[in-house]
Amino acid sequence: MGTQVDSTSTFYKLMGMTTIANLGACEDDEKGRCHTTQEMHDRCLWNDFPCQMKLKDVTQWMGLADGVGILFILGWGLIFQRFHMPRVVRRIDAMHATPSDYAVDVPVLPFKLKEGHETYEAQLKDHFCGVLKSLKTPIEDPDAVVEVALIRKYDGAISKFMAKGECLQRQHGDIIKKKQLQESGGDQQKIASLEKAAMAKYRKMTAIEKSLRKQAEN
């Protein structure tokens with residue numbers, strides 16, 4: 001038998017005594033320990049001799065009980081998930097007013113209308129009111145749709161705009177340094193280098209501007 005059976009901890013001792021691998025006892029040892037593979041295979045179910053029933057005679061029933069226990073736990077988990085949890089959710093939902101009780105999320109909408117893009121919210125509200133009127137039980141209330149809020153998808157446009165601003169600020173810094181060197185008769189190589197850096201930043205800003213315009217048109 002395993003060493004946990006001799007542990008001073010009550011928990012470990014109980015766990016060791018009820019583990020299948022630690023069940024049974026051998027007759028030739030005072031503590032019921034088995035020393036060979038054959039003794040382990042032929043050990044008695046109880047530490048009571050002469051042996052009336054060997055552990056191997058009930059092993060299949062222990063395995064069956066183990067399987068039944070696993071199936072029971074799985075079945076209980078499925079019942080808890082499919083029946084108990086939805087019932088609790090419905091009860092809690094009936095007790096509290098949440099945005100899902102009066103709001104609808106429409107995730108797929110065109111980015112830009114070909115006509116009347118400026119009145120996007122009003123047109124969408126009219127569409128929702130039309131859908132409510134077409135139901136089997138029509139809703140004729142013109143204020144049934146209280147508000148339409150559009151959440152814009154910028155696709156990184158804000159980050160691009162901030163990058164353009166940072167680039168513009170650095171370009172201005174290069175231009176100021178260039179003018180200071182020109183006024184003080186500074187090194188022409190440094191002046192040329194600053195002019196080149198300013199032009200590079202200008203080209204970068206132009207590319208960002210084109211990207212923003214293209215994104216706004218889509």
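Of the contacts in this chain with a separation of 6 or more, 35% are between residues 24 or more positions apart. The structure is a predicted model, and the description below moves from the whole chain to single helices and then to a pocket.

The chain has six helices and zero strands. Followed along the sequence, the elements give the pattern α-α-α-α-α-α. The chain contains 218 residues, and buried residues make up 15% of them. The accessible surface comes to about 17,800 Å², and carbon and sulfur atoms account for 60% of that area.

Helix H4 is a convenient place to start. H4 covers residues 120-133, which is 14 residues. How far apart should the ends of H4 be, at 1.5 Å a residue? The expected span is 20 Å, and the end C-alpha atoms are 20 Å apart, so the two values agree. Within H4, the residues Tyr120, Leu124 and Cys129 are buried. They cover an arc of only 165 degrees around the axis, and therefore lie on the same side of H4. A general rule about helices is useful here. An α-helix has 3.6 residues a turn, so residues three or four places apart point the same way.

Next comes helix H5, which runs over residues 157-183. H5 has 27 residues, and the distance from its first C-alpha to its last is 39 Å, close to the 39 Å expected at 1.5 Å a residue. Which residues of H5 are buried? They are Ala157, Cys167, Gln171, Asp174 and Lys178. Just after H5, Gly185 takes a positive phi of about 65 degrees.

Three residues of H5 show how this helix relates to other parts of the chain. Lys178 lies in H5. Is Lys178 buried or exposed? Lys178 has a relative accessible area of 19%, and the cut-off for buried is under 20%, so Lys178 counts as buried. Leaving out residues up to four places away in sequence, Lys178 touches Ile191, Leu194 and Glu195.

Gly173 is also in helix H5. Its relative accessible area is 24%, so Gly173 is partly exposed. Gly173 and Leu194 are 21 residues apart in sequence, and their C-alpha atoms are 9.4 Å apart in space. Leu194 is thus named twice here, as it is also one of the residues that Lys178 touches.

His172 has its place in helix H5 as well. At 42% relative accessibility, His172 counts as partly exposed. The C-alpha atoms of His172 and Lys201 are separated by 9.7 Å, although the two residues are 29 residues apart along the chain.

The last topic is empty space. Rolling a probe the size of a water molecule over the atoms shows where empty space is left. In this model, the largest pocket holds about 1,200 Å³ of space. Its lining has 33 residues, and those nearest the centre of the pocket are Val106, Leu109, Ala149, Leu150 and Ile151. Which helices each supply at least two residues of the lining? H4 and helix H6 (188-217) do so. The largest share of the lining, five residues, comes from H4.

Notes: Residues are numbered from 1 along each chain as its sequence is written. This is a predicted model: local features need pLDDT of at least 70, side-chain atom pairs count only at pLDDT 80 or more; totals for chains, interfaces and linings use all residues. Side-chain values use heavy atoms; hydrogens and water are left out. Helices (H or I, at least four residues) and strands (E, at least two) are DSSP runs, numbered from the N terminus. The expected span of a helix is 1.5 Å times one less than its number of residues. Buried means under 20% relative accessible area, exposed over 50%, partly exposed in between (1.4 Å probe, protein chains only). The arc is that of the directions from the helix axis to the C-beta atoms. Contact means heavy atoms within 4.5 Å. Accessible areas come from the Shrake-Rupley method with a 1.4 Å probe; for residues, only the protein chains shown count as cover. On a 1 Å grid over the protein atoms alone, a cavity is a set of points where a 1.4 Å probe fits but cannot get out, and a pocket is an open set with protein on both sides within 12 Å along at least five of seven lines; lining residues have an atom within 4 Å of a point. Grid points are joined across faces, edges and corners, and a volume is the space filled by probe spheres set on the points.
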